[in-house]
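Work through the exercises below with the structure open. Each task is followed by a solution in steps.

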Amino acid sequence: MKTYELLGEKPTRFGFGEGLVALGERHSNVIVLGGDITGSVLTSMFKDKFPDRFFSIGIAEQNATTIAAGLALSGKIPFFASYGAFCALRNADQLRISVAYNEANVKIGGGHAGISVGPDGATHQVLEEVAFLRTLPNMTMLVPADFEEAKKATIAMGEMHGPAYIRFGRSPVPMFTTPDTPFEIGRALVLREGTDVALIACGAMVWESMKAADELAKKGIQARVINSPSIKPFDFATVTAAARDCGAIVTAEEHQVHGGLGGAVAECTAKNAPVPIEFVGVKDSFGGSGEPEELMEKFGLTWKEIYASALVAMDRRDKGSSSVRAIKDVPQYQ
Amino acid sequence: MDVATKQSLDFNTTTFGNERKDPQDLIPIANEIRRDIIRSLVRAGSGHSGGPLGSADIFAALYFGGVMRYNPQDMHWDGRDRFVLSAGHMAPVLYAALANAGCFPKEELGTLRKYNTRLQGHPGRDMHLPGIETSSGSLGQGISIAVGMAMSDKLVDGSDRRVFTLTGDGELQEGSVWEAAMAASHFGLDNFCWIIDNNDCQIDGRLPDVMNVYPIVDKCVAFGFDTIEVDGHDPADLMRGFDHFLGNQARGTGKPTAIVAKTYMGHGVSFMNDKFEWHGKPPSKDQAAEALNELAMMP
């Protein structure tokens, strides 16, 4: 089995920016709409290369989303990017009616996702949009784990037909995939084999899961690590197989523990192979200012919580559990 | 109910052409649209009466006065002008206009709001009814979609296709309407025509009582629109408004056009006329008969 190693660090938003340029070169009907923060979400790369196919809409995310729908209904492939707080939630109704119900070929790039945004604080750290977008009919929802995967996901969503959303972050995150690593919408990828416990993650938490697996291996526990960038459509087969093979699951995401990747895994396994699941994520709270690393520690988004959760999930599998716990109760690393 | 009334509840097969005509010749078309609105609403047993009846003259001018270019046999024709009903709840008037243009059999108007119908309570693009360009019904969105379409036509494709949209006046309370207006003007969309159905009514009451949006004309002007006020029940005045827009586009003024059409909710049916209570309900059978009798006396 291929092994993955650390190749450096880079923000996923750069993968989005490069993916857009690649799409622009391949398809003359790719249009990009700017929402004033083009340098931050890297739509500026497309703007510089294809100024005739870039339109600045200003700070008006509802309008940008619906204008994108109008462009899509005219045969164009419009991308609109902003911070996820504003291009997934402020425009939620526009996404629901004008984009999803219309099955309009609109692509949204949502930056500043998760707590790792850092100093900007809670208003800009979107932690809820995966849950929302996952419930929209016709919507594709992608959360790439690193730079290379973000680039591939951007290109893939541009070349499929239908509404799609990609979530990316501001701060540098570990790179471990290469141009040769497989990526397919609807597919999860097993990064590390194991049958003792399954660690299923997306975004920046994928590499944290790999670190947790290394630590678990030191105790003789072989964890299967699964990168699940395609939240919708979801890879039911890979997740079901993991539940059946391992009998215990930890999900990890830079998102509320409610309704995101963990929700998707729970829905899948409840139906196909019910097993104990521990949910690592933000525990029903808003974020705050600080350096990304500090915040990831504070909000329990490191390999340590994944490691501790794996032990609890295995324990529940082996001994059963009669206690009643809330989803947001995440085991602490001792 | 006499025989004549019973017959008038059924849909006929008459259709109308879209050639330029004497404005007076649009009056019988508007009234046929009104009759079809009543016929479809009474069958549906729910739906909006006031706005559709009040805007029938606008739709008669738009679809039958040679303003919009379309082919009823092929509503996907690439060269067509497009219409977006931003006020999606006014669907009955759009459906009636499209049926009277021959886009689909008028009989289908009898399926309004029924299970599996192409005539959804609010327009649904997923039902593929010829002439429905987009889903709409969540207010304040259709106008933005129309701006995106006009951008695609003028700025990306360099075509002379036109995009028309109709919003209600209560809809102007949605802030996103003004985001769209700002963009239409910013991008110099002289191929974009915004019709405001100004009947001064919304579900809860008169506009100034619910939330004042006046002065509407001043707002449109301030947002960069070439704005013209017309009598929304006078076909000649409506054609003057549309001709003004067509002239703006032909001259390449670089300004979008707003037509503020003064109308009365429920116009054409006396017991509904200018009554906001008729915003969101259908006529009963008896009321429908009364309405059709009144409309039958009109041209």
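**Exercise 1. The contact between the chains**

Task: Find how many residues each chain gives to the contact, and which elements of chain B take part.

Solution. The model is a predicted one. Step 1: the contact is made by 21 residues of chain B and 22 residues of chain A. Step 2: on the side of chain B that touches chain A, the elements giving two or more residues are α6 (142–156) and α7 (175–186) of chain B. Step 3: α6(B) gives the most to this side, namely 10 residues. Step 4: sorted by class, this side of chain B holds 8 nonpolar, 8 polar and 5 charged residues. For the complex, the predictor reports an ipTM of 0.94 and a pTM of 0.95.

**Exercise 2. The fold of chain B**

Task: Describe the make-up of chain B and explain why it counts as compact as a globular protein of its length.

Solution. Step 1: chain B contains 11 helices and 7 strands. Step 2: its radius of gyration is 18 Å, and the globule rule gives 19 Å for 299 residues; the two values are close, so chain B is as compact as a globular protein of that length. Step 3: the C-alpha trace of chain B spans about 55 × 45 × 40 Å along its principal axes. Step 4: of the 299 residues in chain B, 55% are buried. Step 5: take the contacts in chain B between residues at least 6 apart in sequence; 76% of them join residues at least 24 apart.

**Exercise 3. A strand in chain A**

Task: Place strand β13 (residues 249–256) of chain A among its neighbours, and say why it is largely enclosed.

Solution. Step 1: a residue is buried if 20 or more other C-beta atoms lie within 10 Å of its own. In β13(A), 8 of the 8 residues are buried, so the strand is largely enclosed by the rest of the structure. Step 2: strand β10 (residues 197–201) of chain A pairs with β13(A) in the parallel sense over 4 bridges, and A:Ala201 has A:Ala252 in β13(A) as its bridge partner. Step 3: β13(A) also runs parallel to strand β14 (residues 277–282) of chain A, joined by 5 bridges. Here A:Ile249 has A:Ile277 in β14(A) as its bridge partner. Step 4: β13(A), helix α11 (residues 261–272) of chain A and β14(A) make a right-handed β-α-β unit.

**Exercise 4. Confidence in chain B**

Task: Where in chain B does pLDDT stay under 50?

Solution. Step 1: the mean pLDDT of chain B is 96, with 98% of its residues at 70 or more. Step 2: pLDDT stays under 50 over residues 1–5 of chain B. Step 3: where pLDDT is low, predicted coordinates should not be read in detail.

Technical notes. Residues are numbered from 1 along each chain as its sequence is written. Chains are lettered from A and ligands numbered from 1 in the order in which they are written. This is a predicted model: local features need pLDDT of at least 70, side-chain atom pairs count only at pLDDT 80 or more; totals for chains, interfaces and linings use all residues. The radius of gyration is taken over C-alpha atoms; the globule rule is 2.2 Å times the number of residues to the power 0.38. A residue is buried if 20 or more other C-beta atoms lie within 10 Å of its own, exposed if 12 or fewer, and partly exposed in between; C-beta atoms are placed from the backbone. Two residues are in contact if their C-beta atoms, placed from the backbone, lie within 7 Å. Ala, Val, Leu, Ile, Met, Phe, Trp, Tyr, Cys and Pro count as nonpolar, Asp, Glu, Lys and Arg as charged, and the others, Gly among them, as polar. Two strands pair if DSSP finds at least two bridges between them. A crossover is right-handed if, with the strands pointing away from the viewer, the path from the first strand over the helix to the second runs clockwise. pLDDT is the predictor's confidence in each residue, from 0 to 100.
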